[in-house]
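The following exercises introduce selected features of one structure. Each task is followed by a solution in steps.

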Amino acid sequence: MADTLQELAELPTMAHPTVAPDGAEIALYYDVDGRNELYRLDPETGELTQWSDGNVPKNVVHGFEWGADGDRVFFHLDEDGDEQNDLFAIDRDGDVDPIVQQDAQVMLQSVGEDGETLLFGSNRDGQMNVYRHDLTSGETTKVTGYDRAVWTAELSPDCDRVAYATNESDDYDNVDTFVADADGSNARTLDVGETGAEASPADWHPDGDALLVSDNSPGLTRAGVYDLDADEVTWLGDGTREEEPAFFLPDGDRVVVSRTRNAEVVPVVYDVETGEGREFDVPDGVATFGRGGAGGEWVLDDGRVLLMHTTPTRRVELLAYDLETDEYGTVLPAEYGPFSPAEFGDAEYFTVTSDGVPETPQRAVEHDPYEELEIGAILYDSGERPSPLVVNPHGGPRHRDSLSFGYRTQFLLSRGFSVLQVNYRGSTGRGREFVEELYGDWGGAEQGDVVTAAEHVLDEHDWLDEDRVVVYGGSYGGYSAYWQLVQFPDLYAAGVAWVGLSDLEDMYENTMPHFRSELMVKYLGEPDENPDLYEERSPVTHVDNVDAPLLMVHGVNDPRVPVSQARIFRDAMDEAGYEAGADYEYEELGEEGHGSSDIDDKIRSLRLLDEFLDRRVGTVDAGTPAADD
């Protein structure tokens, strides 16, 4: 019988498609030949030309940028997923040269239109700040020196100024937009939104006299155009949906934003002068843009806008959208190998009311009911009867699950598991207050939301097997997996924690500086100020509550959630009398960090998951993914 696991993992996947400065071609990462490589794509003919030859990263966490002349691309390269990137450039002949090498995590931010300047973020001196690199002289100078992390630095078209986001206020939740001279001098805060809200730049106007910005002061994120001479901002939209700004169109008179509709995303184009907007006429699902819009990275030379589109049953494909005719064509279709979209399991979006305290008993921390909120969730039906259920909380935690294709989800469906994904309080897409519900309350109401949604589907669908419920998550979803097993052990027959957090104080001490300040402190405060919270909401504190087989998997090179997190929980299980191999299973992944998109790594990870679930819960041996009934 066909190996569905390997065939799913080997389906070619594209990443970070980016239009060249002249709009005539597209660069993208693609693993169509088994390893991730950089390709050039002709949008007219669909012809793909391999550009790199094993000298770009095998894992495509980070994107890249074209040089101003279109003759080379700047990209990140780390060592075995440790994300301590250096910056390199590849020219048309495939020759690769180092550009910036530091003993730090380096993040490319902006490549100047002057062909001489690039900006990057680096935590070389501790916190993530912005640096400027002169491509001619090779000289690097520090541009910002803030105590809080600096994000989204963008050079103006003339490269004389830089816009970025950071916080120097006393309100820890605040983020402001700044504009400074290119060397960091004369920095000023733009009057965007209120203190305590978050405002960020997205793109410069082609003339350099305005900025496209985001702000969540009203609650839902909005997009606006900030006139730098008048110090005035024109807000777009009616405020009824979250809208994230993307980029100016080349005429400067229109902007494109991404609008969230429940678990779907649709692009919207706005006329800046009139404020009139319309959605792109694309199929339901998730239609998005990748990194940035500066330099026309999403606009082809014929004016069409490049976008990525996906649904639960259709893999990501590249479309080119004509704003004049509202028609689109496929530039690069998705690869399906031996499968067809009709064979994949579809998803149902629903909502459930939750007060954060489910019927399932709380065994670690007793919470009183929280405010009742409407929680969105997605259920995939495997078609198996009866069907075991995988509860799959997302990471972030500032993230959300959407109606998009996921190879892990489809693999679980092929093995007979239905899958539940929950956009618990703290997820994005629902506004500022919904995100802030998670501040100071990890392991609280959001975990109750997950269980409430699970209880709902178990009550609604008698074909779900309540005795075979598994929790499986990565990163903050891995924290959720640990926490679900210690807080709600009565619900679960097994659990899988992938690169998960287990000890919050250790996480604070050993993660990267910008994760320490912008994740741990922003959500939980300093550990010396809130020691009881850090201890109480650490899953390892309640390890004695684990009452189901647990698989722990962690990359040894993970800089975000250090491997110490898995080792601490493993050691605590040993000390509590659990037996390795019987009560828990443990795997450390060499040559891997915080997950990997490399095909071999995906196969290895799916095999670990598959074998554990088969041993502990039981799976079906299907040759193809289960179609939705």
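Contact means heavy atoms within 4.5 Å, and helices (H or I, at least four residues) and strands (E, at least two) are DSSP runs numbered from the N terminus. The model is predicted: local features need pLDDT of at least 70, side-chain atom pairs count only at pLDDT 80 or more, and totals for chains, interfaces and linings use all residues. Residues are numbered from 1 along each chain as its sequence is written, and side-chain values use heavy atoms, with hydrogens and water left out.

**Exercise 1.** Describe helix α10 and its surroundings.

Step 1. Helix α10 covers residues 599–616, which is 18 residues, and reaches 26 Å from its first C-alpha to its last. This is close to the expected 26 Å, where the expected span is 1.5 Å times one less than the number of residues.

Step 2. Buried means under 20% relative accessible area, exposed over 50%, and partly exposed in between (1.4 Å probe, protein chains only). The buried residues of α10 include I599, I603, L606, L609 and L613.

Step 3. The packing partners of these buried residues are α1 (4–9), α2 (407–414), β33 (464–474), β34 (494–498), β35 (550–555) and β36 (584–589).

Step 4. At the N-terminal end of α10, D598 acts as a cap, with a side-chain oxygen 3.3 Å from the backbone nitrogen of D600. Just after α10, G618 has a positive phi of about 100°.

**Exercise 2.** Determine in what order the four strands of the open sheet lie, and which are its edge strands.

Step 1. The order is β13-β14-β15-β16, with antiparallel pairing; two strands pair if DSSP finds at least two bridges between them.

Step 2. β13 (151–155) and β16 (188–189) are the edge strands, each pairing on one side only.

Step 3. Strands β14 (residues 161–166) and β15 (residues 176–181) are joined by six bridges. A163 stands opposite V179 in β15.

**Exercise 3.** Establish whether Q447 is buried or exposed, and what its side chain contacts.

Step 1. Q447 belongs to helix α4 (residues 445–460). Because its relative accessibility is 1%, Q447 counts as buried.

Step 2. Leaving out residues up to four places away in sequence, Q447 touches Y476, Y479, S480, W483, Q484 and F488.

Step 3. With S480, the side chain of Q447 makes a side-chain polar contact at 2.9 Å. A polar contact is a pair of N or O atoms within 3.5 Å; within protein, one must be able to donate a hydrogen and the other to accept it, and residues adjacent in sequence count only if both atoms are side-chain atoms.
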